[in-house]
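User: I am new to reading protein models, and I would like to go through this one step by step. Could you help me with some questions?

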Amino acid sequence: MSAANAANSAPTVPGDDRLEELRQSTKQGFFSKLPVIKQLRIAVGWQKGMLVTGLILCGFFLLVAIFAPLIAPYGYSQIKDANGQSFPTQAAPSAEHIWGTTVGGFDVFSRTVWGARTAVIAIVVAVLCSIFIGVLLGLVSGYFGGWVDRVLVVIADAVYSFPSLLLAILMAIMISHGQSGLWAGIFSSGLSITVVYIPQYFRTIRAEVVRMKESAFIESARVIGASTWRIMTKHLLKNSTRTLPVILTLNSSEAILTLAGLGFLGFGIEPTAAAEWGYDLNRSVSDVTAGIWWTAIFPGVAIVLIVLGITLVGESLNDLSDPRLRTRKSAGEVIGSIEDTSVDPSTQKDAAEVVFTDPNAGADASEAPAANTVNKGEES
Amino acid sequence: MEAKATAEADASPIKAKPSETKPKKNRISSGFFKFVVVRFLLIIPTIFILVTIVFFVMRATGDPITAALGGRLTPEELQARIHQAGYDRPLIVQYAEYLGDLLHGDLGTTLTDNQPVTTILTRYGAATFELALLALIVALIVGIGLGRIAARRRDHAPDAAIRTFAILCYATPVFFLGLLLKLIFSIWLDWLPSSGRSSLASEMQFGRLVSPTGFYIIDALQLGEPAVLLDVLQHAILPALALGLLTAGVFIRLVRTNVISTYTSGYVEAARSRGVSEKRLLSKHAWKPALIPIITVMGMQIALMLAGAVLTETTFEWKGLGFMLSTYLKARDFVAVQGIVILIAIIVSVVNFIVDVISALIDPRVRY
Amino acid sequence: ACGGVKDDGASSDSNAITIGTTDKIVSLDPAGMYDNGSFAVIINVFPFLFSQNYNSSEMSPDIAADEGTWNADGTEFTVKLKDGMKWANGHTLDSKDVKFSFDRVKKINDENGPSSLLANITDIQAPDATTVVFKDSVPFDVTLKHVLGSPAGPIVDDEVFSADKLTDADTIVKEKAFAGPYTLTSFKMNEAASYAKYDGYKGLTPAKNNAVQVKYFADASNLKMAVEQGQVDVAYRTLTPTDIDSLKKNDKVKVVTGPGGEERFLTFNFKIQPYGEAQKDADANKAKAVRQAVANLLDREALAKDVYKGTYTPMYSYIPTGVTGQVETFKTKYGENGKPSLDKAKKVLADAGVKTPIDLKLQYNAEHYGASTADEYSAIKAQLEQGGLFKVDLQQTEWTQYQKDRVVTEDSNGVYPVYQLGWYPDYSDPDNYLSPFFRDGNFVNNGYSNKAINDLIVKQAGEQDKNKRLELLKQIQELETEDLSTIPLLQGAQTAVTAKNINGLTLDASFRLRYASITKS
Amino acid sequence: MSGTQILNKDVIAEGDLAAIKNLSVSFVTDAGPIKAVDKVNLTIPKKSIVGIVGESGSGKSVTAKSILKLLPETATTSGAIYLKSRDGSKQMDVLALNSEQLRRMRGEEAAMVFQEPNSVLNPVYTIGWQIAEGLRAHGITDKHEQREKAVDILKKVGIPDAETRIDYYPHQFSGGQKQRIVIAMALVLNAGLILADEPTTALDVTVQAEILDLLRMARDEFDASVLIITHNMGVIADVADNVIVMYRGHVVEQGSVEQIFYSPKDPYTKRLLSAVPRIGQKLVVRDEQGQVIERKTDYRNEPIAVKARGLEITYPGHLMQPAFKAVRGIDFDIHRSEVVGLVGESGSGKSTTGRAIAGLQRISGGSLNVLGVEMNGFKERDFKPKRADIGFVFQDPGSSFNPLMTIAQNVAEPLLVHKKYASLAEARKYVEELLEMVQLPKAYMDRFPHELSGGQRQRASLARALALKPPLLIADEPTSALDVSVQAKVLELFKKLQVEIGFACLFITHDLAVVDMLADRIMVMHKGEIVEHGDSDQIMRNPRDPYTRKLLASLPIPDPREQRKHRAQLHELLAAENA
Ligand SMILES: Nc1ncnc2c1ncn2[C@@H]1O[C@H](COP(=O)(O)OP(=O)(O)OP(=O)(O)O)[C@@H](O)[C@H]1O
Ligand SMILES: Nc1ncnc2c1ncn2[C@@H]1O[C@H](COP(=O)(O)OP(=O)(O)OP(=O)(O)O)[C@@H](O)[C@H]1O
Ligand SMILES: [Mg+2]
Ligand SMILES: [Mg+2]
């Protein structure tokens with residue numbers, strides 16, 4: 001990750017990569033090198049605020065998703081309580097149903113909570129599948145070039161330029177041909193989103209690979225005689241995926257919106273298979289006009305918040321990984337001086353002796369501590 | 001153009017120094033036209049691929065006869081009708097046939113309501129176009145305005161507020177936003193109509209037009225009735241706002257990032273070192289170079305806008321292509337869906353093409 | 001800028017009655033439609049030989065001059081037409097038009113068309129200008145008059161319509177090929193239509209108003225807002241239960257209801273239902289016990305009230321309320337007075353020696369039957385699971401696939417053991433609720449066949465004597481209630497919401513909204 | 001920082017234009033704040049050229065930028081920068097100016113010429129517009145006047161056809177022309193002080209000489225003072241009147257150019273001067289005992305490793321561009337254990353040739369025989385075993401390592417690929433030896449490439465190239481990314497290894513002095529052709545080809561007196577050429 005930073009910052013801030021080294025020399029735990037943690041450390045001010053807000057939101061929804069069975073008082077398709085008493089329909093929020101019930105008698109709170117789980121699973125399915133396929137295709141296409149590349153690019157561009165929701169709808173109809181059980185429903189939605197995102201990963205990875213293919217370290221691997229397979233797996237794969245976290249978060253939020261859109265248009269997951277916010281919103285449209293606000297507001301706000309959270313994280317990561325978009329604290333205590341970044345090898349123990357035929361050359365150069373030479377120039 | 005350029009050179013042989021390799025001043029050279037033509041031809045494979053994908057996917061989604069009469073006729077009768085319509089022939093034959101028709105410019109007639117697809121496209125295309133245009137205006141005003149403010153006040157409170165607003169625009173599904181807007185403006189305040197493109201009365205008025213354009217604003221002007229125009233505008237506000245804000249969210253971000261990155265570039269710093277004021281740096285020196293990536297992404301955004309239009313149009317019953325598309329999809333009317341998809345593909349490709357040409361024109365570095 | 005404006009004042013009648021609907025039109029040409037939305041337009045602009053009078057389920061002459069007569073062996077049905085009728089465009093309306101209309105439906109045989117309804121009619125003759133003779137393959141076919149009033153029955157102008165292909169809406173409107181209570185003055189497919197009273201109509205239901213305008217909505221909630229905000233005077237078909245419920249409380253509008261012909265039912269696949277014929281443990285008795293247990297456990301009232309808020313009513317019979325011959329056999333045979341009975345269900349199963357709980361895969365289709373179906377079926381699931389007799393696995397499949405999967409064919413036993421179906425009648429004759437379901441070669445295709453019932457159905461279809469026919473219908477229903485090929489659940493109610501100043505709106509057993517009766521004060 | 005910013009009392013000595021007092025600058029970085037410039041004091045006399053030299057990162061640019069207060073928000077400054085207005089009427093403390101005063105000062109009193117002309121010109125505006133922007137900012141709003149002035153200044157800096165070229169976009173100019181335009185932008189405002197930050201680093205020597213002439217013109221004709229920042233002692237010797245030496249954020253020495261070159265006081269200055277490569281200075285390496293070590297064999301008797309005849313290399317054109325012939329039929333041989341230097345200006349095809357030998361670039365015509373394999377139409381499969389026999393050292397040591405692999409992994413890569421060792425663990429011992437050979441301590445083995453300094457990385461890169469003890473090494477500008485002092489060490493190491501191992505070597509560089517130190521023979525490339533090749537002594541002292549001569553004459557000698565003569569020669573040569 002820090003390599004990514006060094007590469008990024010080199011053209012804009014002079015000497016920044018040397019600073020990177022400096023930072024490395026002050027030992028840090030493995031933990032702080034993890035993408036998000038690292039960014040969290042460098043963020044300041046509003047930027048930090050936005051990142052933290054995003055992380056809190058994401059974490060919150062993740063926890064809700066994981067502990068849904070504990071948090072939700074009822075099941076997502078439960079319409080009778082333990083005594084066999086049917087829930088009231090469209091009941092206003094009350095002690096039993098803190099966020100009220102829907103037209104079908106579902107508990108809004110429970111469905112909203114279970115919905116988080118569906119959303120998270122859908123994201124994971126969609127993003128994992130599309131990353132896997134997209135990265136693979138991008139790698140192959142970018143490295144080999146040729147007509148396979150050209151064809152893939154045209155296809156990817158065609159698919160990419162096609163409104164994603166439409167494609168997702170088509171895929172949803174096609175995939176949901178089979179029966180839609182719990183997982184089948186989630187998977188079919190997830191997969192229909194996948195199709196939309198493969199081209200995005202493909203494009204990103206391919207661009208990165210094409211750029212890197214010409215770079216010195218890939219060329220040096222070629223000079224060495226490394227096989228194509230080795231170059232792709234050892235050298236290209238890891239290095240080309242550094243931009244993924246950002247796209248990943250941004251795509252996750254789009255995945256949620258697509259899932260909700262599918263649900264809203266009635267191509268999504270069945271209510272008895274899982275709770276899905278878009279579907280709930282669809283069902284609550286007529287409630288809203290009848291003054292029954294609680295069935296729409298909660299799932300709606302849940303969508304907004306989870307997308308907000310993910311997008312905040314994604315955008316912050318994006319800004320923080322681009323030095324031009326990153327702010328730093330504006331003043332503070334000086335922790336190091338320029339000495340630490342000197343590239344003059346004379347102070348380094350391993351320095352080799354230099355001997356020129358030039359008789360003037362001062363052969364010994366191991367002294368010259370900088371500190372006591374300050375202001376020397378003033379006399380002139 | 002080439003001929004003209006040489007003629008110019010001949011006419012002014014003032015300093016005909018043959019010394020250096022002199023770059024042509026006139027950038028619109030034959031090379032540029034070659035670029036335009038090649039770029040234009042690239043549209044064809046894109047459309048071909050989309051048509052192919054949609055054709056096969058649509059066939060895998062079922063047939064319109066079952067969709068319409070499945071719960072009504074006996075399976076034998078259904079099968080007979082499917083056979084009569086030829087939907088049970090090998091797919092590849094149907095595909096070849098469809099492509100053949102397509103090459104003759106024949107998009108076919110819809111299966112579910114027997115209308116020529118071209119009619120559907122012109123009639124509903126106008127509606128979508130109107131909505132997209134209005135939304136684009138909203139998006140551009142909000143997006144560029146706020147985006148530039150955010151870039152200038154970067155990392156201060158206004159920036160954070162604008163960015164959060166942008167994300168919220170983007171994070172709120174258009175149908176939820178639509179619901180809220182309807183709730184507020186048509187139910188509580190009762191200011192604006194909740195759906196449709198015009199009231200029934202205006203609709204009837206449009207019937208009087210000899211040559212309706214399908215753009216209701218233009219049609220209302222044609223009619224010359226202020227009441228109709230007002231009615232049409234009132235209907236357009238909410239959908240345009242919903243779709244426009246959705247897009248504006250993306251635009252804000254786009255403008256902000258790109259302006260910041262040009263604003264911190266070498267040439268802006270150099271201009272600053274020559275005493276150019278900050279205001280001018282932002283409005284000229286940083287803005288125009290930022291425009292190139294902005295325009296490129298905005299082109300892409302138009303595709304997303306069409307996708308957004310499906311949801312917006314359904315939410316507000318704006319009877320445009322997106323609305324019809326979801327209707328025809330439900331009816332498994334593959335001819336209609338394919339027709340609309342082709343049109344969308346063409347629009348998207350053409351927009352991207354135009355965007356490429358425009359950015360080639362703006363960006364003097366791109367030489368052909 | 002106003003150069004391109006036509007001057008016909010007809011379309012801008014400020015006093016017109018405005019109607020909003022979520023119906024969808026497929027075709028304005030009768031030969032190309034077999035759906036409610038299109039038929040709703042067609043009944044108002046085309047004449048029929050026979051149609052139902054207000055609040056009656058019997059067929060009365062519309063442009064026919066008499067009730068029609070059968071010949072001695074019941075193979076020919078002769079109808080006389082009224083004299084001197086004209087189309088709105090001035091063409092004469094005579095027997096040639098009638099023959100032309102039916103011939104072309106059969107000839108065109110459009111894939112979306114109603115030609116299948118005319119299966120019994122073998123030939124039509126027009127011996128003179130006011131006489132039409134139908135040859136029918138079923139002796140004394142009691143359904144014939146209904147068919148003549150069904151989607152296959154509109155009479156069209158032979159000088160405007162094409163004999164062998166569909167005629168497009170623009171031509172029909174431009175040529176004024178109308179002779180029903182109204183003419184269409186402007187028509188925009190699925191967006192708006194405006195009707196003007198046709199004074200030349202001499203049929204059963206002449207218009208009581210001068211003009212009607214219809215606006216087409218796609219989304220019920222928008223239609224609801226429109227009627228609430230006074231943008232339309234009448235909202236008809238199909239508001240959601242929630243909408244209707246909230247509009248009932250709104251005193252700016254009236255809610256008008258009437259019986260509906262739509263039926264919703266559960267279907268058992270006789271091959272693969274528990275203990276079905278294709279199962280390893282096939283046992284006809286046990287299978288029947290399972291069906292009867294289900295019948296005992298269903299609580300129709302709860303469904304109608306909780307899920308549908310009265311927009312559907314409980315259906316305890318194979319023939320819906322409002323149609324002749326209905327006997328509420330389910331009320332007496334299963335449950336307790338219309339309420340579910342767990343004890344009875346347990347007993348039935350125990351008697352047949354069925355092990356409980358029974359795993360039941362239940363399929364439904366909200367895509368086709370409306371979003372509320374999801375609530376309906378989760379309620380049914382809860383009802384069946386109530387006493388622990390069943391474990392229900394609810395499933396849904398995309399509609400076209402559903403249609404393929406549900407049926408039993410020569411090479412497939414179908415995929416769904418129990419599933420949802422719905423039925424919208426072609427005409428409101430009891431036969432239309434029996435033949436399509438239980439006669440051999442029916443549309444349900446669930447592997448059910450019962451010779452006795454089949455014979456009885458054939459018999460009632462040719463029974464001229466009303467009382468005898470009623471007796472036959474009762475027998476059929478009772479037998480079928482024992483067999484339970486399907487279990488009727490709900491009957492649709494028609495609901496319209498009108499502004500306070502709208503009167504005369506009639507929702508009756510014709511199951512259609514006829515604009516003619518509406519008045520505005 | 002409140003109070004008066006325009007000072008009335010004289011804080012700057014009579015003959016001086018600017019004075020910096022106790023300037024300190026610190027930056028906030030991801031790792032925390034860092035001090036980049038520490039209590040710097042310096043003065044800039046009127047009408048003189050002051051050069052600042054010092055290693056990379058020593059604070060030269062930061063100092064220059066502070067004069068215009070152009071530092072980013074993350075910088076904190078203390079101290080004072082006093083600047084006299086051109087007419088001497090006003091004196092100001094730059095750091096205390098308010099934003100409007102600052103804006104007016106920028107360009108009018110002091111102007112900046114940046115290093116990279118490509119990024120400093122706005123690509124989407126014509127140069128005329130950009131020049132006019134400066135004028136506009138300083139009160140000249142009349143369009144005609146703006147244009148007139150712009151044309152005028154463009155002519156002055158030697159842009160031909162200024163009247164028409166003024167409406168061109170930056171990309172339509174060559175690198176040297178762009179730099180002239182940037183200088184024109186500074187001159188047009190008639191600033192008293194021109195700050196030139198490495199104005200020639202990106203340019204070829206021939207162009208560099210012209211730009212330096214231009215700076216002299218600024219002093220002599222425009223009466224401006226010029227502060228020039230550079231790494232290149234030759235450039236200093238060529239143009240500077242006064243020199244400031246910076247080291248690690250401090251000014252270690254300031255004095256006249258003669259004083260610095262002939263009697264440096266500070267040890268760093270001495271070291272710097274000694275590390276500067278000079279023509280005619282042969283590199284001699286000694287073993288631990290201080291004995292000079294020499295190559296045992298005479299390369300002339302060795303077999304030929306690389307043989308090119310009529311070698312042509314073409315880059316295929318993309319969608320729109322035509323194909324580009326980068327190498328146009330060249331002949332050469334490289335013997336075993338011989339070092340052949342390949343010099344030439346940027347874009348002449350040097351790298352392309354090197355890459356072709358390494359099998360990285362297909363050749364399009366002629367014949368190229370590398371270690372017995374014909375490269376015209378070669379198959380990767382056939383060539384693969386030979387790859388073990390070829391080492392390649394890249395220009396940028398940083399980017400030639402996989403950033404996600406440790407140094408040990410990177411260096412062991414060729415060993416593993418050619419199955420000399422089965423695993424990294426087994427290879428470790430040998431890698432250790434290799435690193436020792438290039439004098440990198442073991443401790444660096446498990447570091448990542450970016451955790452090493454440039455010089456260390458280049459040494460590791462040498463270790464990797466030599467891991468398989470290849471008989472042929474191609475070094476593509478292996479030291480041009482390094483500071484002179486680091487460069488000296490790497491070159492020395494290189495020479496030592498060459499003597500020890502005796503590989504044949506193609507040494508690509510654009511620095512004639514470097515190649516002279518190292519090479520047995522030299523080839524001069526120009527526009528894809530080899531214009532001259534022969535023994536290095538012969539080429540350096542008796543160049544026959546006019547291009548070689550121009551190249552040599554343009555190369556500034558890091559010795560002010562010599563350089564003065566040398567410059568006269570160059571001018572003669574150019575005059576002759578133009579005649
Ligand atoms: N914007 C900045 N943020 C943080 N550190 C910076 C910034 N600009 C410069 N520095 C640091 O200040 C130190 C001095 O930088 P400066 O650019 O003045 O060096 P230089 O002497 O010009 O080097 P070079 O010859 O490489 O241009 C360097 O260590 C650099 O990393
Ligand atoms: N991949 C490529 N595609 C097209 N043209 C190229 C490519 N690489 C180099 N060239 C062109 O070939 C010519 C020779 O390039 P080369 O890199 O060999 O020059 P060089 O002498 O090494 O220059 P430098 O000193 O700047 O490295 C240049 O004009 C360059 O623009
Ligand atoms: Mg610098
Ligand atoms: Mg090179």
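**How the chains meet and fold**

User: How many salt bridges are counted between chain A and chain B?

Analyst: Good place to start, and keep in mind that this is a predicted model. One salt bridge of this contact pairs B:Arg163 with A:Glu315, with 3.3 Å between the closest N and O atoms. The count between chain A and chain B is 2 salt bridges.

User: Which element gives the most residues to the side of chain A that touches chain B?

Analyst: Let's list the candidates. Two or more residues on that side come from each of α4 (45-66), α7 (146-161), α8 (164-175), α12 (244-265), α13 (277-289) and α14 (294-321) of chain A. The top contributor gives 13 residues, and its name is α14(A).

User: Which class of residue, nonpolar, polar or charged, has the highest count on the side of chain A that touches chain B?

Analyst: Here we can simply set the counts side by side. The side of chain A that touches chain B has 5 charged and 11 polar residues, against 33 in the remaining class. That class is nonpolar.

User: What area do chain A and chain B bury between them?

Analyst: The size of an interface is often given as the accessible area lost when the parts come together. In this contact, 49 residues come from chain A and 52 residues from chain B. Carbon and sulfur atoms carry 78% of the buried area, and the total is about 4,600 Å².

User: How many residue pairs in polar contact are counted between chain A and chain B?

Analyst: Confidence matters for this count. A pair enters it if both residues are at pLDDT 80 or more. With that condition, the number between chain A and chain B is 3 residue pairs.

User: What percentage of the residues in chain A are buried?

Analyst: Chain A has 14 helices and 1 strand. Looking at its contacts with a separation of 6 or more, 71% are between residues 24 or more positions apart. Of the 380 residues in chain A, the buried part is 59%.

User: What is the radius of gyration of chain D, and does it agree or disagree with that of a compact globule?

Analyst: Chain D contains 21 helices and 21 strands, and its C-alpha atoms fill a box of roughly 75 × 55 × 45 Å along the principal axes. A compact globule of 579 residues would have a radius of gyration near 25 Å, so the value for chain D agrees with it: 26 Å.

User: What share of the contacts in chain D between residues at least 6 apart in sequence join residues at least 24 apart?

Analyst: Burial is a helpful companion to this number. In chain D, 63% of the 579 residues count as buried. As for contacts between residues at least 6 apart, the share that joins residues at least 24 apart is 69%.

User: Which residue of chain B forms a salt bridge with C:Lys404?

Analyst: C:Lys404 lies in helix α13 (residues 399-406) of chain C, while its partner sits in the loop between α3 (43-59) and α4 (64-69) of chain B, so the pair joins two chains. C:Lys404 is partly exposed at 44% relative accessibility, whereas the partner is buried, with a relative accessible area of 6%. The N to O distance is 3.8 Å, and the partner is B:Asp63.

User: How far apart in sequence are D:Asp167 and D:Arg147?

Analyst: The side chains of D:Asp167 and D:Arg147 meet in a salt bridge, 3.1 Å from N to O. D:Asp167 is in the loop between α6 (162-165) and α7 (175-188) of chain D, and D:Arg147 is in helix α5 (residues 143-156). D:Asp167 is partly exposed at 26%, and so is D:Arg147 at 37%. Their separation in sequence is 20 residues.

User: Are D:Arg216 and D:Asp238 buried or exposed?

Analyst: These two side chains form a salt bridge of 3.5 Å, N to O. D:Arg216 lies in helix α8 (residues 205-220) and D:Asp238 in helix α9 (residues 233-239) of chain D, so the pair ties together parts that are 22 residues apart in sequence. A network of salt bridges links D:Asp213, D:Arg216, D:Asp238 and D:Arg567. Both D:Arg216 and D:Asp238 are buried.

User: What is the relative accessible area of C:Thr481?

Analyst: C:Thr481 lies in helix α16 (residues 466-483) of chain C. Beyond its neighbours within four places in sequence, C:Thr481 contacts C:Tyr318, C:Thr329, C:Phe330, C:Lys333 and C:Tyr334. Buried means under 20%, and C:Thr481 is buried with a value of 0%.

Terms used:
Residues numbered from 1 in each chain as written. Chains lettered and ligands numbered in written order. Predicted model: local features only at pLDDT ≥ 70, side-chain atom pairs only at ≥ 80, totals over all residues. Heavy atoms only, no water. Contact = heavy atoms within 4.5 Å. Buried area = accessible area lost by both parts, 1.4 Å probe. Salt bridge = Lys/Arg side-chain N within 4 Å of Asp/Glu carboxyl O. Polar contact = N/O pair within 3.5 Å; in protein donor to acceptor, adjacent residues only side chain to side chain. Helix = DSSP H or I, 4+ residues; strand = E, 2+ residues; numbered from the N terminus. Nonpolar A, V, L, I, M, F, W, Y, C, P; charged D, E, K, R; others polar. Rg over C-alpha atoms; globule rule 2.2 N^0.38 Å. Buried < 20%, exposed > 50% of the residue type's maximum accessible area, 1.4 Å probe, protein only.
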